[in-house]
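Welcome, and thanks for opening the viewer. Get your selection tool ready, and we will walk through the model stop by stop.

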Amino acid sequence: MSKAFDVVVIGGGPGGYIAAIRAAQLGLRTACVDDWQTAEGKPALGGTCTNVGCIPSKALLQSSENYEQAAHAFPEHGIHVKGLALDLERMLARKDKVVRQNNEGVTYLFRKNKVGFFHGRGRFSGGGAEGWQITVEGRNEEALTAKHVIVATGSNPRALPETAFDNRLILDNAGALEIPEVPKRLGVVGAGVIGLEMGSVWRRLGAEVTMLEMLDTFLPAADETVAKEAWKVFTKDQGLNIVLGAAIGSVTTGKKGVTVEYSTKAGKHKLECERLIVCIGRVPNTEGLGAEAVGLRCDERGSIEVDEHCRTNLPNVWAIGDVVRGPMLAHKAEEEGVAVAQRIAGQSGHVDFNTVPWVIYTAPEIAWVGKTEQQLQSEGVRYRAGQFPFMANGRARAMGDTRGLVKFIADAETDRVLGVHIIGPMASELIAEAVVAMEFRAAAEDIALICHAHPSLSEAMKEAALAVARRSLNV
Ligand code: FAD
Ligand code: NAI
C-alpha cells in the first residue's frame, strides 16, 4: 500500500530539506527521501553541504586558522605559547562532531515541522499529471505517491579522465576532509573554491601545497582587483605554490604516493606528492533517479532542465539546487527550495541570481555580490568604482588583520550599486550589507550616508561607498 503525499522531495541537502520544511509549513503533506548515511549506516540528513561540504570544511578552516594564529600571530599580541602541538585526530573528531550536530538539527526540524522522512534511494517508478509514484530503496522498500515531486539530488565531484578517486591517494572533497596525517607534500588539481579552501587548511597544518590550475587566469570569476590581491597574499605571504596554465598529463600512484606529469608554456614538469586532491568542479547527480523511465529531460551537461521557476518538462515535477543550472551554492539551493514550495502552495517565489553572494573562506576571506568591473566593461556599462583598504580601518588594526580591501561599483548615472567585492577579515559577514543594498536597489550614497558602528570592519563598507563619490574620510 503506497503512502500518499502532496509533496515528495528527493534529496535532503540544503535545497531539499529547506523545500520540505517550507512545504510542510504551508500545510502540504510532505515527505523527504534521502540516502546519505554515516559509516555506521545511520541516516545523515543535510546532503553534501552538511556531510562533506560547507560545514566540515568550515570546521577545519577554523581549527587550522586557530593553529596558525597560535603559532604566528599570538606573539605579536604578547602571548607566547610553549609546546604548541597539533592533535590532528582530535581536530578531525571535532569536525565530525560539528557535522553530527548539524545532521541532528535537520532531523529535529523535520520532526518539528511534521515532514515524513524516508531513508533510502528514491526513484520515479511511474505516474503523470495526476500524480507520481516514487519507490524508495532502503532497508525496506517503500512506495510513495505525490502530487508534486521536487528533485534536489545535488552533485558529485568531477574526476580527471582515467584517474578515479580512491580517497586514499587521489582524494575528492570527502577524502580531502579526512587525511589521517598531514602530508609533507600535497598536490591539488584545480585552484578554484575547494582547492583554495582545502589547500589553505593543509598548508596551515604544515603541508607543502602545490596547486595545478588549467587556466592562465587566477580566480577569473572574482573582480580583478580582488583576484590580484588574493594571488599576492596566497602565493607570496602564505606560500601556496599555484601553477597557472597547467595541462595535466598522467597521474600515477605508487608506494610513495602520487606522481603527476603536467606541462605549462615553460615545458614538461613532474609533481611528486603523498596525496592529491582533485577539485575541478562538480557534476549534477541524477544517478538511479529513474529520470529516463519517466522522460525527465536533462541538458548536455547532465543538469535537469528547468525554467526560471524551477519547473521541469514534466507536470508537477520541479528541480532545485546543484542538480540544475546556476551557481552550485547551498544558499542558492535553499532559496530555490523555498520559492518552489511557495509556488506549489499557490504563492509566489523569488530568486534573484544577481544578488546571490559568493564567499571563499580563505584567510583573508573573499566575498562578492553582483557584477565585477570586467563584466561591466564587457557589457559597455558606465560605472564608478571606489575602494577602501582594511589597512586604514581601526578595528582591522586592533584585530591585527589589515590585509585586503572593499570595493564598491555603482552606475555612473544613477549611482545604483552594481557590485561589491571584498577581500579581508569577515568578508563573509560584511557582504550581507551589500546584498541588502542591492536587493533594495540602493545607491552607493545610501550606504555612505548610513551610520556604521565605530570601530567596526563595516566602516570599510561605508568608506568604500564614500570612495565612489571620491569622498573618503579616512584615507
Ligand atoms: P546536496 O547537498 O548535494 O544534497 C543532495 C542529497 O540528495 C544528498 O544527501 C544525496 O545523497 C541525496 N540524493 C541524491 N540522489 C538521491 C536519490 N535518488 N534518492 C535519495 N537521496 C538522494 N556552498 C556554499 O554555499 N558555501 C560553502 O561554504 C560551501 N562549501 C562547500 C565545500 C565543499 C568541499 C563542497 C564539495 C561544496 C561546498 N558548497 C558550499 C556547495 C554546497 O555543498 C552545494 O551547493 C549544496 O550542498 C547543494 O545542495 P543540494 O541540496 O542541491 O544538494
Ligand atoms: P571550481 O569551479 O570552483 O574550481 C575548479 C577549478 O579547477 C577551476 O579553476 C578550473 O579552471 C580548474 N580545472 C578544471 N579542470 C581542470 C583540469 N583538468 N586541470 C586543472 N585544473 C582544472 O570547482 P571546485 O573547487 O571543484 O568546487 C565545486 C563547487 O563547489 C564550486 O564551484 C562551488 O560552487 C562549490 N563550493 C563552494 C564553496 C563556497 O561557497 N565557499 C566552497 C567549496 C565549493
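Which element gives the most to the shell around ligand 2? Select α6, residues 193-204: with three residues, α6 is the top contributor to that shell. Keep in mind throughout that this is a predicted model.

Next, add β17, residues 358-360, to your selection; like α6, β17 supplies at least two residues of the shell. Now show the whole shell of 23 residues around ligand 2, and highlight Glu197, Glu213, Gly281, Met328 and Val359, which come nearest. Colour the shell by residue class and you will find 15 nonpolar, three polar and five charged residues.

Time to zoom in on the polar contacts. Start at Glu213, where a polar side-chain atom sits 2.6 Å from an oxygen atom of ligand 2. Move to Met328: here a polar backbone atom is 2.6 Å from an oxygen atom of the ligand. Then pick Val359, whose polar backbone atom lies 2.7 Å from a nitrogen atom of ligand 2. If you switch on a surface, note that the ligand has 830 Å² of accessible area on its own, and the protein covers 80% of that.

For the last stop, leave the ligand and select strands β2 (residues 30-34) and β3 (residues 116-128), which pair in the parallel sense over four bridges. Click Cys32 and look across to Phe117 in β3, which stands opposite. Then bring in β4, residues 131-138, which runs antiparallel to β3 and is joined to it by eight bridges. One bridge to pick out links Gly120 with Gly138 in β4. Finish at the hairpin, where two residues connect β3 to β4.

Note on methods. Residues numbered from 1 in each chain as written. Chains lettered and ligands numbered in written order. Predicted model: local features only at pLDDT ≥ 70, side-chain atom pairs only at ≥ 80, totals over all residues. Heavy atoms only, no water. Near = heavy atom within 4 Å. Polar contact = N/O pair within 3.5 Å; in protein donor to acceptor, adjacent residues only side chain to side chain. Areas by Shrake-Rupley, 256 points an atom, 1.4 Å probe, with all protein chains shown as cover. Nonpolar A, V, L, I, M, F, W, Y, C, P; charged D, E, K, R; others polar. Pairing = 2+ DSSP bridges.
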